[in-house]
Amino acid sequence: MNTLWIVVIGAVVIYLAYNFYARRVDRMVIQTNSKRATPAKMYMDGVDFMPANRNVLFGYHFKSIAAAGPIVGVITAANLWGWLPALLWLVVGVSLMGWASDYSAIMVSVRNDGNSLGAISHRLIAPRTRVILFTFIFFYLLLVAGAFMGIMAALMDARPDVPFGILVLALMGLLAGQMLYRWKLDLILVTVVVVGVTLAAMILGPLGATTKLDAAGKPVGTNWVGPINSATVAFDHAVNQITGGKPVMSVVDPTNSDPRLSNPSLYNKATGQIFTLPSYLLWALFLLVFAYLASTLPIWRFAQPVNYIGFWITLLTIGFSAIGAVLAPFLKPAVGAFALPAFCSPANVAANVCQAADGGFQPLANGAFQPLWPMLFVTIACGAISGWHALFGSVGTARQLEYETDALPVGGGAMFAENTLALLSLVAVSIAGVGGGAARFAAGVGSLLSVVFGSGFVPYGTALGFGAFMVIVLTVTQLVFRVMRVTLSEWGGEAAPLLRNMHVSTLISMILTMALVLTGTWVYLWQLFGASNQLMAALSLLIVTVWLKSLHRNPSYALWPALFMYVTTLAATLVTAYNLYATIAIKPGMGALPVGGAWAMILISALLFVAALFIGWDSLQAYRRYAHEASTPATQVQPGD
Amino acid sequence: MQIQLKWPEKLRGIRQVARDFMYGMLGMEFANHAMEMRASLESLFMLATVGEMIGVPVLPPYYSLRLLPYLVPQIKTWKRRVLREREFTDEPDYHLEGL
């Protein structure tokens, strides 16, 4: 297998699914009509409701959905089971479910006066569905913040070439906000300056570093002796002297995915202990300050420009990697060949290449289960199907749709485009031989960029891979805290007015997140987040199903994916709860902190499970109600009228 | 009847599509945000001048009536915007991108 084949498979599947399935549903079931007025035209206010050209809207929707999700999930899944299951789920998932979820959420909103999914579920299913949806959102945010903060702090602690680029990103974010909105400079000029400087800072991180070789001349690490990276090492060392170089605490990662595993000074292979040094806490604090600024400053001042810079970095990294993936089989076949096994075998597990042999149906060495079904389907959420797209597509894109017939190219098309991003991540992670998920992705990016820029670019390309990974994750995390604080204010503001203070609600969100970061295991956090995300996808498809049923249309294209995702995510929640229980909560020798964190996550799993049961029951009742109604509801407009 | 496009026209079309896509991906959020900032200020101004239309009397009617001819074209849109039921997921400031 090589990189070109993935590109070909992706292109063929997307072409077939879009033209022979999605278009058919658009024409036969939803029956979009370009002559019917959309909410953007009916309620045009120049701000929320504003018709936009479909090509513009496609770019806008794509930018809104594509970043961390399709990259992190794929990396984690390939690291667990091998590249083939990830590839199959990506192409099958997006073809049968992903586009349907995004497109349908937009269309159901368009046909319901541009209302959000929450408001529609309140009316179509039951009032409590909206409340449960917000419960999901809160835990979803908490889990994703915990997973992302954990992996980012660990990366910054383990890789001295990474922090400088992130520091510069923060400064450039502030500068970009000032240049754009206060000095009112041209966007192109601002882009050239801030993106150029950030990119240079990321690439120059490893400048001067040399490869450390063992007696046999085999590379065993890096000598951080360059001007930037050695300064970071010295800084970390000085911070660690606070405790005399001793760890503050130690944790065990039963999933073997913590980025600190690659650093011998932070990981004891014999005992499996990962040491949390003061430098780790300091980098976590730095990230919290970063997120605090994004959460509390006006969005134009920091969060939006940082997001913008981050998107450019991702675009350039992934774009050049894609060119490298296409050219590699012709120019550098060795780079284009897959090093990761297609399907993880016991021998691969023994060699520490992947973790879940033979589909993960047998317990892993640490006692955890990672069976392909259901865990693959929650580990890879975005890229295949994602509930978050549906939630925000219904309030953002749906209100700017000029013609109904644009919904498929915009909603479905952007989802297919996001799928290609996930496929490229799969390519990057599959061509790199060893390392954890993020390290493998960065090494893959380094190799692909070396096809375009030459072999000497490998260390800089790898640094850019790490930088892009960090940026992708960080831009999402900063917004997560922003949304978390407003969710907390909405929830508890009535009972505790103090929560309406954005600084208080942000700090509470951060304390809860840090509790998970310090006690949790990021892969379990990620899988639990994936489950909550996919449950939202199931919910959005259930809303579409009930809506179609209320119109006496055939809801099969939404119903079957909804049922599959619903059952799968419920099962995945149970499996994750079991893994937390078996590998951490009752395992002898675990410290009090990880055990406490595991129980907290088990509690969250139970809450999500019960909330999902309520949603399932309410949806079933609504479905039955509409199935037995003979007449068409007066408030609804029939598709195709 | 299908119109056959010549190559230069086709290329112009492709270039326009690419420009639109890039604008949507990279520039639209700034344009939208600028519009929102302006709309917030305008909403405030409308509230101060013709607030009694939505039950908030602020300015003496004499001044409101003098400003009325200038505000009439925007009243319908303004009322629709400020009176619409909203939840926080409606606000672009709280849209979580990239998941």
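Select first the loop between α5 (83-110) and α6 (117-124) of chain A, where Asp113(A) is located; helices here are DSSP runs of H or I with at least four residues, and strands are runs of E with at least two, numbered from the N terminus. Asp113(A) is not a glycine, yet it has a positive phi of about 60°. With 15 other C-beta atoms within 10 Å, Asp113(A) counts as partly exposed. On this scale a residue is buried if 20 or more other C-beta atoms lie within 10 Å of its own, exposed if 12 or fewer, and partly exposed in between, with C-beta atoms placed from the backbone.

The model is a predicted one, in which local features need pLDDT of at least 70 and side-chain atom pairs count only at pLDDT 80 or more, while totals for chains, interfaces and linings use all residues. Residues are numbered from 1 along each chain as its sequence is written, and chains are lettered from A and ligands numbered from 1 in the order in which they are written.

Move next to the loop between α14 (346-350) and α15 of chain A, which holds Asp358(A). Asp358(A), also not a glycine, has a positive phi of about 50°. Asp358(A) is partly exposed, with 13 other C-beta atoms within 10 Å. Then select helix α15 (residues 372-379) of chain A, which contains Pro374(A). The peptide bond that leads from Trp373(A) to Pro374(A) is cis, with omega near 10°.

Helix α8 (residues 163-182) of chain A is the next stop. Its 20 residues should span 28 Å at 1.5 Å a residue, and its end C-alpha atoms are indeed 28 Å apart; the expected span is 1.5 Å times one less than the number of residues. Just after α8(A), select Lys184(A), which takes a positive phi of about 55°.

For the interior, display Leu90(A), Met152(A), Leu426(A), Val473(A) and Ile543(A), which touch the most other members of the largest nonpolar core, a set of 227 residues. Such a core consists of buried Ala, Val, Leu, Ile, Met, Phe, Trp, Tyr and Cys residues joined through C-beta atoms within 7 Å. Centre on Leu426(A): leaving aside residues up to four places away in sequence, Leu426(A) touches Ile6(A), Val74(A), Ala78(A), Trp83(A), Ala86(A), Leu87(A) and Leu90(A). Two residues are in contact if their C-beta atoms, placed from the backbone, lie within 7 Å.

Now show the whole of chain A, with its 23 helices and five strands. Of its 641 residues, 58% count as buried. A compact globule with 641 residues would have a radius of gyration near 26 Å, and the 24 Å of chain A agrees; the radius is taken over C-alpha atoms, and the globule rule is 2.2 Å times the number of residues to the power 0.38. Colour by pLDDT, the predictor's confidence in each residue from 0 to 100. The mean for chain A is 87, and 97% of its residues reach 70 or more. Over residues 637-641 of chain A, however, the pLDDT is below 50, and this stretch has nine contacts in the model beyond near neighbours in sequence.

Finally, select chain B, which has two helices and zero strands. Its radius of gyration is 21 Å, whereas a compact globule of 99 residues would be near 13 Å. Of the 99 residues of chain B, 14% count as buried. The contact between the chains takes 30 residues from chain B and 42 residues from chain A. On the side of chain B that touches chain A, α1(B) gives the largest share, 15 residues.
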